[in-house]
Amino acid sequence: MKIRLCTLVIASLAALSALPAARALDNGVARTPPMGWNSWNKFACKGLNEQVVRATADAIAGNGMKDAGYQFVNIDDCWQTGRDAGGNIVVDAEKFPSGIKALADYIHSKGLKFGIYTDVGTKTCAGRPGSIGHEYQDARQYAAWGVDYVKEDWCNTLPGQNAESSYTLMRDALAATGRPIVFSICEWGTNKPWLWAGPVGNLWRATDDIQDCWNCKRQWGGNGVVQIIDLMAAPGIESYAGPGHWNDPDMLEVGNGGMTTEEYRAHFSMWAMFAAPLLVGTDVANMSADTRSILLNRAVIAVDQDPLGQAALRVKKDGDIEVWSRQLADGGRAVALLNRSANPLSIGVAWIDIGYPSSLRATVRDLWTEKETHDQTDHYAAQVPSHGVVMVTVMPH
Ligand code: GLA
């Protein structure tokens, strides 16, 4: 009996080791989607400087955001100006007179983490030096500064430059530093990164740049919230997200003024449904009460951060009416009833569309109004405002 058990264990272990390697980067970080702030959407190139970043870190540490899970303070393009004779990256001394190490130390002193930006090509999108040919040198510099997160963009690449191998090079350079660093691939969905980026990065942009508008396809390819929602409905895309590796529908515009409060609520809710990184892109040191109440909705954040890491699937599309559902670690579902139309509409979700039998009794909790409905069977329906969502959890009894 003992021998048979032992043989069984060995056979099982052998079978396990014969399984193909998981298609996910195993660097120990981003087990749930990263949460924090990034300078680009509000401050772009012109407005970026160390005072803004320090004020942001102060605000995040003091206004409830840190307690709600926001952790990263990330600078985007325009912190770098050139390279010295030794090829070392040179910091923009006008914007960052105290240097990057001092800024990272300050952010760490607040119990937060620090992120930086680069590009796989010769220059960043704003024309600052890219990392091509300097990947290991740059990664070592980032680690020495105490960088916890690196976003790498896709501008000014060489003709025919291969995305997977370019990002793999930076992945290996970051790994060689020995410092745990979240690696954010930003190639805008150009080469369907969800198909190859799982073992390469912790997150990958699945879409072109977001714009601060609900429905605003721009000629050069920028996206409004509804365009991004459609891109996130690409067949199978949700199956590539999971702990350590996430689809990135781009950073949040909540609070930047181009959408209504209802639209921002829908934007934030849908990003939580996608298990998206929640990188706030507004001036958090000076935000309105509405913006604050959206960004600090703990129930919506809990859906985004659910440990199962299963991203939502669009289970119904009927013109401007959509229903999205994701399975949660506790066996419940998060459901978003989305109304893309100009008028309020009643939208329903049937239990059979979210993997439950009609007879199942559940408690439905509205994550924005906090209203609970008990003993609900078969379906749930609600009145959804124009350009809005009703986001609920459905918890079986
Ligand atoms: C690209 C990226 C943006 C931002 C800018 C900076 O457009 O997609 O997120 O980083 O570059 O120049």
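In what follows, Ala, Val, Leu, Ile, Met, Phe, Trp, Tyr, Cys and Pro count as nonpolar, Asp, Glu, Lys and Arg as charged, and the others, Gly among them, as polar. The structure is a predicted model, in which local features need pLDDT of at least 70 and side-chain atom pairs count only at pLDDT 80 or more, while totals for chains, interfaces and linings use all residues. Residues are numbered from 1 along each chain as its sequence is written, and side-chain values use heavy atoms, with hydrogens and water left out.

Let me begin with confidence. pLDDT is the predictor's confidence in each residue, from 0 to 100. Its mean over the chain is 94, with 93% of the residues at 70 or more. Over residues 1–22, however, pLDDT stays under 50.

I turn now to the ligand. Which residues are closest to the ligand? Of the 13 that surround it (a heavy atom within 4 Å), the closest are D76, D77, K151, D153 and D209. By class, this shell has seven nonpolar, six charged and no polar residues.

Next come the polar contacts, that is, pairs of N or O atoms within 3.5 Å. A polar side-chain atom of D209 lies 2.5 Å from a ligand oxygen atom. For D77, the corresponding distance to an oxygen atom of the ligand is 2.8 Å, and for K151 it is 2.8 Å.

Key: A polar contact is a pair of N or O atoms within 3.5 Å; within protein, one must be able to donate a hydrogen and the other to accept it, and residues adjacent in sequence count only if both atoms are side-chain atoms. Contact means heavy atoms within 4.5 Å.
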